[in-house]
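What follows is a walk through one protein chain, beginning with a single residue, then turning to the chain as a whole, a charged side chain and the nonpolar cores.

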Amino acid sequence: MLFKHSMTLAVALSILEFTSAAASVPVTGHSSSLTKRHHNISNNIEARHELDERGLVGNILADVFGGVQSRCPSTFVCNGSGNDGYTHDIYGNGPPTGCDANNWRYYGVAAGWLPIPGFVPSATWIAPSWFSGSCSKAKWWVAPSSWKHPVGFPIPSFWLNAGFHSWTWPSLSFQCSGKGNDGLSIDCYGNGLPSGYPSGWLWFGQSLGWHPPSGWTCADNFKLPIAWYSKCSLATWWKPAPTFQIPSGIQAPGFWSWPSASFQCSGLGHDGLSIDYQGNGLPSGYPTGWKWFGVSVGWAPPAGWTCADNFKLPTVWYSKCSLATWWKPAPTFQIPSGVAVPSTWWPSESFQCSNKGTDGLTIDCYGNGLPTGYPAGWLWFGVTVGWAPPLGWTCADTLVLPTAWYSKCALATWWSPAPTFHIPAGVSVPSFWSWPSATWTCDKTGKDGLSYDHQGKTCPYAGLNWKYFGVGYGWMPPFGWTAPTGWTPQSDCTCSEQVAACPWWKLSPVTSATKMITATKPTATPTQAPTTTICTSVFSAPATTVTITQTITVSPPKPTSPSLPAAGWKCDGTGKDGWSVDHKGNSCPYGDIGFFWFGVDFGWQPSASFSCSASWEPPVEWGSTCGLSVSWWTPPAQWVAPYWFPVPQVWKKTLHPSPHFTCAETGTDGWTHDHKGNACPSTLPSGFLWFGAEYGWQPSASFQFSAGATVPTTWNCKKASWWTPSVTIVLQDSEPPYLRVFQTSFESDSDFASEFQTTSARLLGLEDTLWDRGLTLPTKLRTSGFDDLFRTHTLSS
């Protein structure tokens, strides 16, 4: 028996010697004594990890010398009164550091260490850091209002209901004076200005919320928070300037100085208002800057308002533009078809151009726009000249000029086509179109042919686009000329000699020189049946004379294409083949903003050539389908998307987010750059994205660390509510040095306690001191922060 006790005592002394040696290991920034460890994570886990001389060693010594250790049963659950707590936890440990034994008790595994009823801390009491995560469990205890708690300390709702008044927060019952001068910067729960709300707004009580204070001002084009649209009438002390551009969808309150229904403008364009007599702001689809000028005029551009020459006026305003007598567009403005152009926009009947081609107008003296059949870009140069191409206007060589202009082209003395232009037969070619001389001849390559001869005459062979090659050659096919589909030399036998003599172009073996026939190609209308013509001609070629008779069958031309796209029509994906109406004849629902119909798969989208300004406001409804056009259109890099617009991920490579951008907390809408153009800091992994000023740089929903990766200290993981790790990672923080987190779950208390005690003892004996060198935690990382890591792991009783 003496030998047995001697052996047991030797074991105990060995353990004491080991723990003493382990405690002597120096660790920078922490106490080297096991009995002076800090308890700053969670009192639930703190009680568990306080496995020191009082626990493991103390229990052994108690067994050796017959001592009795008072502790809480592992299955104990408190009754909620606060009167049934224990002085020691399930391992025999007393209160953690910072909790005196007279006022703190242990209330079981689920509750941990909590203050007893009647505990009254001093005003300067410093609560343990882990207590902020478990104070709500002490339903029997409310801190006194004299206690100066840390800023950000989560005040439980039952404290507020019990009369607790935070020294840093307003009371739950706070009410403002209604004058707008007593707003606060935090609400009764300690929350600051909500994301997306303008800087300078304040909190005016639980019933009113966040509003602009008295005297707050903003620019006329400022974007109010959408969430505030329905609450603006509560801020009775504030209203915007009369010129403020009230967004569509906001119901402006009466005290915003609505005009009366009988309001009439002065007719000078200087007294327009930003809301109508019903409190409605600028209608959707109307240009920014337009004002309301009374019931009779409605919404119109104010005096001095300007726009680009290709600007698209609202379609609904086409019939009302004459009411804004104070405004007219620039003379070069491209007036769309359908506008009832007022006489005030018309030029004078006596207007004469300068003959330089630079002062053409978009309407004539009668208010008419570009005539049907005339090329886009042509302008009116007065009654004498009429409609003509302006200086610098260019076109394709195959463009078909208006027939009515054939006899007037000489009047546009400032313009001539390119030498390779295919001038149609019948055009009276003016001399300044650079006629060749009567002695000019080509270089015999077939590449220098002209569109008219030395007399200004064009190709006599209709539809062939042959060129004039000068003396000795005349009109011949140019080098590389390809005959029209279905064309054979029999179609026009007047050109037989030219074809035979041409040194740079030869007939194919199938179409030999012996097949030339003189015949005029018959025409057909869509209602005509095919016709047959017999043509006979004698053709002379070197050393041969051949007479050929040929039968020609002419089919009627194909009918014209329909005016609407087919219901099942699909675009080619280039963004260049859109329609101005859909298959039902409907125009763009977003207004005349330059969008086109690209079939049911894409809907209304910008064309490949669509351009926008840096401050362009896209239609709200388009946000759900904007990603369909990314294959052919990308906004310019200087465009700043509104904070509410769902920017496709591929655009984010070239764009910057709005300063007011707030993510949807899904982890799928992050940016590679912040609103200032800064990329992800080098201290963070490259997979982190910018989720707005409130969340900062965070991992996307699909991002994962590599196993054993060390997380940087600059990362605030509490913000990434959409993300959890799938591998073991190491979290760096100032206290403790690191926490090694494993994804492990336990079915019961006993499993958890067994694993915890085994792992802790192994760390204590084989690695380093438990607290100073890390704790193996059997729980999954929780995104609400370090304090929640452990208390969210609920154990069954």
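Start at S607, which sits in the loop between β14 (604-606) and β15 (688-690). The model is a predicted one, and the values below are computed from it. S607 has a relative accessible area of 9%; the cut-off for a buried residue is under 20%, so S607 counts as buried. Beyond its neighbours within four places in sequence, S607 is in contact with two glycines, G575 and G594. The other residues it contacts on that basis are aromatic: F596, F598, W632 and W633.

The setting for this residue is a chain of 797 residues, 43% of which count as buried. Its secondary structure consists of 7 helices and 20 strands. When contacts between residues at least 6 apart in sequence are taken, 43% of them join residues at least 24 apart. The chain exposes about 39,800 Å², and 56% of this area is supplied by carbon and sulfur atoms.

A second loop residue to look at is D276, placed between β4 (210-211) and β5 (291-292). D276 is buried, yet it has no salt bridge. The nearest side chain of opposite charge belongs to K320 and is 11 Å away, whereas a salt bridge requires a distance within 4 Å. What does the side chain of D276 reach at 2.8 Å? The partner there is the backbone nitrogen of N280. A polar atom of the D276 side chain also lies 2.9 Å from the backbone nitrogen of Q278. Leaving aside neighbours within four places in sequence, the contacts of D276 are with P259 and three tryptophans, W258, W292 and W299.

Tryptophans come up again in the largest nonpolar core, which has 39 residues. Within this core, W622 and W651 touch the most other members. β13 (595-597) and β15 each supply at least two of its residues, and the largest share, 3 residues, comes from β15. β15 is also the strand that follows the loop holding S607.

The surroundings of W651 can be listed without residues up to four places away in sequence. On that count W651 touches W622, along with the aromatic residues W633, W639 and F645. It also touches C626, S629, V630, T634 and P635. W633 is thus shared between two lists, being a contact of W651 and a contact of S607.

Apart from this core lies another, of 31 residues. Its members include A111, F153, F158 and L160.

Terms used
Residues numbered from 1 in each chain as written. Predicted model: local features only at pLDDT ≥ 70, side-chain atom pairs only at ≥ 80, totals over all residues. Heavy atoms only, no water. Helix = DSSP H or I, 4+ residues; strand = E, 2+ residues; numbered from the N terminus. Buried < 20%, exposed > 50% of the residue type's maximum accessible area, 1.4 Å probe, protein only. Contact = heavy atoms within 4.5 Å. Areas by Shrake-Rupley, 256 points an atom, 1.4 Å probe, with all protein chains shown as cover. Lys, Arg positive; Asp, Glu negative; His and termini not counted. Polar contact = N/O pair within 3.5 Å; in protein donor to acceptor, adjacent residues only side chain to side chain. Core = buried A, V, L, I, M, F, W, Y, C linked by side-chain atoms within 4.5 Å.
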